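User: Please take a close look at a single part of this structure. Start with one residue, then work outward until its surroundings make sense.

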Amino acid sequence: MLGFLKKLFGGSSTDYRALIDKGAVIVDVRTPGEFKEGHIPGSRNIPLDQIGSKTAELKKAGKPVITVCRSGSRSGMAKAKLSASGLEVYNGGSWQSLITKI
């Protein structure tokens with residue numbers, strides 16, 4: 001059960017710095033208001049309720065995607081949606097936590 005929760009909320013040994021160095025796109029799935037209050041420089045804001053309509057665009061880029069939000073919950077849901085579409089996706093969890101790892 002703990003392993004499942006770690007995967008869902010971004011707790012892993014994923015080398016996010018290496019993914020970014022290879023061109024991964026950071027997608028922040030919080031609302032535009034939350035995003036304005038602070039975000040990872042260079043990240044892209046696609047709110048969770050719009051993620052499905054941006055899947056084709058993200059696929060076209062052909063790069064891994066790292067999803068982030070405030071706590072890791074919404075980013076976990078976004079990861080599940082994007083993964084189901086065949087994208088290589090990693091749940092980065094909280095944007096504030098991820099920024100310290102990159």
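Analyst:
**A serine and the sheet around it**

Ser 94 lies in strand β4. Strands (E, at least two residues) and helices (H or I, at least four) are DSSP runs, numbered from the N terminus. The model is predicted: local features need pLDDT of at least 70, side-chain atom pairs count only at pLDDT 80 or more, and totals for chains, interfaces and linings use all residues. Residues are numbered from 1 along each chain as its sequence is written, and side-chain values use heavy atoms, with hydrogens and water left out.

Is Ser 94 buried or exposed? It counts as buried because its relative accessibility is 14%. The scale is simple: buried is under 20% relative accessible area, exposed is over 50%, and partly exposed is in between (1.4 Å probe, protein chains only). The strand fits that picture. Five of the six residues of β4 are buried, so the rest of the structure largely encloses it.

What does Ser 94 touch? Set aside its neighbours within four places in sequence, and Ser 94 is in contact (heavy atoms within 4.5 Å) with Cys 69, Arg 70, Ser 71 and Gly 72. One link is polar: the side chain of Ser 94 reaches the backbone oxygen of Arg 70 at 3.3 Å. A polar contact is a pair of N or O atoms within 3.5 Å; within protein, one must be able to donate a hydrogen and the other to accept it, and residues adjacent in sequence count only if both atoms are side-chain atoms.

Now the sheet. Four strands form an open sheet in the order β2-β1-β3-β4, with parallel pairing. The edge strands are β2 (44-45) and β4 (89-94), and each pairs on one side only. Two strands pair if DSSP finds at least two bridges between them. In general, strands of a sheet pair through backbone hydrogen bonds, either parallel or antiparallel.

Start from β4 and walk across. Strands β3 and β4 run parallel and are joined by five bridges. Here Thr 67 stands opposite Asn 91 in β4. On the way to β1, Val 27 stands opposite Thr 67 in β3. Strand β1 (residues 25-28) pairs with β3 (residues 65-69) in the parallel sense, over four bridges. The last step joins β1 to β2, again parallel, over two bridges. There, Asp 28 stands opposite Asn 45 in β2.

Next, the helix over this part. Helix α5 (residues 73-84) lies across β3 and β4 and runs at about 150° to β3. Angles run from 0 to 180 degrees between N-to-C directions; axes are lines fitted to C-alpha atoms, for helices over the stretch in contact. Helix α5 has twelve residues and reaches 17 Å from its first C-alpha to its last, close to the 16 Å expected at 1.5 Å a residue. That expected span is 1.5 Å times one less than the number of residues.

Which residues of α5 are buried? They are Ser 75, Gly 76, Ala 78 and Leu 82. These residues lie on the same side of α5, because they cover an arc of only 160° around the axis. The arc is that of the directions from the helix axis to the C-beta atoms. Just after α5, Gly 86 takes a positive phi of about 95°.

Two residues elsewhere add detail. Lys 63 lies in the loop between α4 (55-61) and β3. Its relative accessible area is 40%, so Lys 63 is partly exposed. Not counting residues up to four places away in sequence, Lys 63 touches Gly 23 and Val 25. Pro 32 has its place in helix α3 (residues 32-37). At 47% relative accessibility, Pro 32 counts as partly exposed. Leaving aside neighbours within four places in sequence, Pro 32 is in contact with Asn 45 and Pro 47.

Finally, step back. The protein has six helices and four strands. Along the sequence they follow the pattern α-α-β-α-β-α-β-α-β-α. Of its 102 residues, 38% are buried. Among contacts with a separation of 6 or more, 63% link residues 24 or more positions apart.
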